[in-house]
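This briefing introduces a structure to a reader who has not met it before. Please keep the sequence and the model in view while reading.

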Amino acid sequence: MHLVKHTYYMKFGREALPVESRLQHFCHDNLNAEVVVGTIENKHDAVDYLTWTFLYRRLTQNPNYYGLQGVSHSHLSDHLSELVENTLSDLESSKCVAIEEDMYLSPLNLGMIASYYYISYTTIERFSSSLTSKTKMKGLLEILASASEYVLLPIWPGEEELIRRLINHQRLAFENPKCNDPHEKANVLLQAYFSRHTVVGNLAADQREVLLSANRLLQAMVDVISSNGWLGLALLAMEVSQMVTQGMWECDSMLLQLPHFTKELAKKCKENPGKSIETIFDLVEMEDDDRRALL
């Protein structure tokens, strides 16, 4: 068995393997971005754009991989035309692109937001269809976690029980949680971050990935909300953005923004406001052991 594996891996080290294009799986966001910047103004431009890509080069080299029956000009033209038609139809349904006279393309507000913040057209469509003027904090976090950017968040072997325990200790309740759902995982990791619950190992690494996209997604969400004129919800989304930056809930003590402050110490300062400033200066000057003694 070890010899077989050794031979298998050595083959990858010695032989060049063909690299295939993945553009057909991400064509929507690419074409949307090109429509927004004006590179593509009609369907003919879209087909011409694809002929300059690595995808077009690989179509002729490995047609079976891309579902082509041949490599003649007719086969290639039909395949690219069908790809463009289906992609632009999806973008039109998502209200990212407008198609006039079945030919000419122009960007819409949602498409421009998706392109500007470099997020998926499916994410911006979900934000637009799910957000309402009455959305509260719980719903906003659920919509944020539902972003397509989190769909590939891995559920590692044996991790479901850890996620279930985290869910049971969060501030905002989960209704019928699915512990093997990457979107539920994104939600609970965000809440754990705001509550300053410690996560380790793979969960900690995945939490960092969730936070990397969170502010960008929230900025896009604010633009969608602002386009609808919902001031209260826009302010709430901005508060969540601050929560991501500061790593705390909006109702927590502002003292938690300062280094070395814990919830217990912030509570003591609240109970005795007169000593709050003095405590802050003491924390700056004290050693770690002395800081812990204050508790």
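Helices here are DSSP runs of at least four residues, numbered from the N terminus. By that definition, residues 160–168 make up helix α9, and Arg165 and Glu161, being 4 residues apart in it, are separated by about one helical turn. The model is predicted, and the points below cover its salt bridges, its nonpolar core, its surface and its cysteines.

**Salt bridges**

- The count of salt bridges comes to 9.
- Side chains of opposite charge can pair when their charged atoms come close.
- Arg165 and Glu161 form one such salt bridge, with 3.7 Å between the closest N and O atoms. Glu161 is partly exposed, at 38% relative accessibility.
- Salt bridges with shared partners join Lys43, Glu85 and Asp102 into one network.
- Within this group, Lys43 and Asp102 meet through their side chains at 3.0 Å, N to O. Lys43 belongs to helix α3 (residues 43–50), whereas Asp102 sits in the loop between β1 (97–100) and β2 (104–107), so the pair ties together parts that are 59 residues apart in sequence.
- The two partners differ in burial: Lys43 has a relative accessible area of 7% and is therefore buried, while Asp102, at 56%, counts as exposed. The cut-offs behind these words are under 20% for buried and over 50% for exposed.
- A further salt bridge links the side chains of Lys138 and Glu142, at 2.9 Å from N to O. Both residues lie in helix α8 (residues 137–145), 4 residues apart, or about one turn of the helix.
- Lys138 is partly exposed, with a relative accessible area of 26%, and Glu142 is likewise partly exposed, at 36%.

**Nonpolar core**

- In soluble globular proteins, nonpolar side chains tend to be buried together.
- The largest nonpolar core of this model has 72 residues, and those with the most contacts inside it are Ile124, Phe127, Leu131, Leu140, Leu141 and Met221. Helix α11 (residues 201–227) supplies the largest share of this core, 12 residues.
- Apart from residues up to four places away in sequence, Met221 touches Phe127, Leu131, Leu140, Ile143 and Leu144.

**A buried asparagine**

- Asn187 is found in helix α10 (residues 182–195). At 4% relative accessibility, Asn187 counts as buried.
- Once neighbours within four places in sequence are set aside, the contacts of Asn187 are Leu141, Glu142, Ala145 and Phe174. Among these, Leu141 also belongs to the residues with the most contacts inside the largest nonpolar core, and Glu142 is the salt-bridge partner of Lys138.

**Surface and partly exposed residues**

- Leu231, Leu235 and Met238 form a nonpolar patch on the surface, and their accessible area together is about 310 Å².
- Met238 is located in helix α12 (residues 231–246) and counts as partly exposed, at 41% relative accessibility.
- Arg57, in helix α4 (residues 54–61), is also partly exposed, at 42%.
- Arg57 and Glu20 are 37 residues apart in sequence, and their C-alpha atoms are 9.6 Å apart in space.

**Cysteines**

- The count of disulfides comes to 0.
- Cys27 is buried, with a relative accessible area of 0%, and Cys179 also counts as buried, at 6% relative accessibility.

Conventions: Residues are numbered from 1 along each chain as its sequence is written. This is a predicted model: local features need pLDDT of at least 70, side-chain atom pairs count only at pLDDT 80 or more; totals for chains, interfaces and linings use all residues. Side-chain values use heavy atoms; hydrogens and water are left out. Helices (H or I, at least four residues) and strands (E, at least two) are DSSP runs, numbered from the N terminus. Buried means under 20% relative accessible area, exposed over 50%, partly exposed in between (1.4 Å probe, protein chains only). A nonpolar core is a set of buried Ala, Val, Leu, Ile, Met, Phe, Trp, Tyr and Cys residues joined through side-chain atoms within 4.5 Å. Contact means heavy atoms within 4.5 Å. Patches are made of residues with over 30% relative accessible area and no salt bridge: like charges are joined within 9 Å, nonpolar side chains (Val, Leu, Ile, Met, Phe, Trp, Tyr) within 5 Å. Accessible areas come from the Shrake-Rupley method with a 1.4 Å probe; for residues, only the protein chains shown count as cover. A salt bridge is a side-chain nitrogen of Lys or Arg within 4 Å of a carboxyl oxygen of Asp or Glu. A disulfide is a pair of cysteine sulfur atoms within 2.5 Å.
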